[in-house]
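Please open the model in your viewer, with a cartoon for the backbone and side chains ready to be switched on as the tour proceeds.

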Amino acid sequence: MGFFKSKKGSIISDYFSIETDLSQFKKGNAVDVALFPDHLELQNAIGNKKTATLAYSQITDIFYGSKTQLQLKEKSPIARAFAGGLLFGSTGAFVGALSGLGKKEKKVRKIVFIISYVTADGQEACLPFEDTRLYKGPKVAAKLRELCGIERVQKQAAAVSVTCLLYTSPSPR
């Protein structure tokens, strides 16, 4: 498969970064999500080329949208002292260095693709991905919704985002 082409035999496919460890798929690795007429196929882009399949009848919901997080980031006293010194001399350098102490909050926005499904033993689970390429993600999500017979409803999408975005926190089960 070429970098910008769909996987051979698939309707549409694209690469996504998986957000959690799942058997042969390790967190942060690129995973090829390919849609075939009767199933979805996941395959590592690099290394282990084993595939995992999921029947469309197992998929209960699909979410494609943005997720915003606040991250704490260290300020840079050296850069602030340098800028203050250039603008206002030694006093500016001192004030700039003092203002560079501590941490600041930064908003980080990610585009996520979450597939909720029922496992073979009847448990509800989800596959959380980050769309880092921003290439065919919306088309893949729309086609997957169509193949699964899932209508896009804002309330449904909100419920999926609330329940499945908790994938990063440990489950109380």
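A residue is called buried here when its relative accessible area is under 20%, and exposed when that area is over 50%. By that criterion, 36% of the 173 residues of the protein count as buried; please keep in mind throughout that this is a predicted model.

Begin with the whole chain, coloured by secondary structure. The protein has three helices and seven strands, which follow one another along the sequence in the pattern β-β-β-β-β-α-β-β-α-α. Among contacts between residues at least 6 apart in sequence, 60% join residues at least 24 apart.

Next, select helix H2, residues 137–148. Its 12 residues, at 1.5 Å a residue, should span 16 Å, and the distance of 16 Å between its end C-alpha atoms agrees with this. Show the side chains and pick out Val140, Ala141, Leu144, Arg145 and Cys148, which are buried in H2 together with Gly137. If you look down the axis of H2, these buried residues fall within an arc of 135°, so they line one face of the helix. In general, an α-helix has 3.6 residues a turn, so residues three or four places apart point the same way. Turn to the other side of H2, and you will find Lys139 and Glu146, both exposed.

What lies over the buried residues of H2? Add strands E1 (12–18), E2 (30–35), E3 (39–44), E5 (59–74) and E6 (103–118) to the selection, since the cover of those residues includes these five strands. Before leaving the helix, step just past its end to glycine 149, which takes a positive phi of about 75°.

Now select phenylalanine 16 and phenylalanine 113. A search of the whole structure finds four aromatic pairs, and in this one the ring centres are 4.9 Å apart with the planes at 40°, so the pair is tilted. Phenylalanine 16 belongs to strand E1 and phenylalanine 113 to strand E6, so the pair ties together parts that are 97 residues apart in sequence. Phenylalanine 16 is buried, with a relative accessible area of 1%, and phenylalanine 113, at 0% relative accessibility, is buried as well. Extend the selection to Tyr64 and Phe129, and you will have the cluster that ring pairs form from Phe16, Tyr64, Phe113 and Phe129.

Move on to strands E3 and E4, the latter spanning residues 51–55, which pair in the antiparallel sense over five bridges. One place to look is glutamine 43, whose bridge partner in E4 is threonine 51. The two strands E3 and E4 form a hairpin with six residues between them, and in the turn glycine 47 has a positive phi of about 85°.

Two loop residues complete the tour. Aspartate 121 is found in the loop between E6 and strand E7 (124–130), where it is exposed, with a relative accessible area of 61%. Display its side chain alongside that of threonine 119, because the cut-off for a polar contact is 3.5 Å, and the contact between these two side chains is at 2.4 Å.

Finally, select leucine 134, in the loop between E7 and H2. Most residues other than glycine have a negative phi, yet leucine 134, which is not a glycine, has a positive phi of about 55°. Is leucine 134 buried or exposed? With a relative accessible area of 54%, leucine 134 is exposed.

Methods:
Residues are numbered from 1 along each chain as its sequence is written. This is a predicted model: local features need pLDDT of at least 70, side-chain atom pairs count only at pLDDT 80 or more; totals for chains, interfaces and linings use all residues. Side-chain values use heavy atoms; hydrogens and water are left out. Helices (H or I, at least four residues) and strands (E, at least two) are DSSP runs, numbered from the N terminus. The expected span of a helix is 1.5 Å times one less than its number of residues. Buried means under 20% relative accessible area, exposed over 50%, partly exposed in between (1.4 Å probe, protein chains only). The arc is that of the directions from the helix axis to the C-beta atoms. Contact means heavy atoms within 4.5 Å. A polar contact is a pair of N or O atoms within 3.5 Å; within protein, one must be able to donate a hydrogen and the other to accept it, and residues adjacent in sequence count only if both atoms are side-chain atoms. Rings of Phe, Tyr and Trp (its six-membered ring) pair if their centres lie within 6.5 Å; planes under 30 degrees apart count as stacked, over 60 as edge-to-face and the rest as tilted. Two strands pair if DSSP finds at least two bridges between them.
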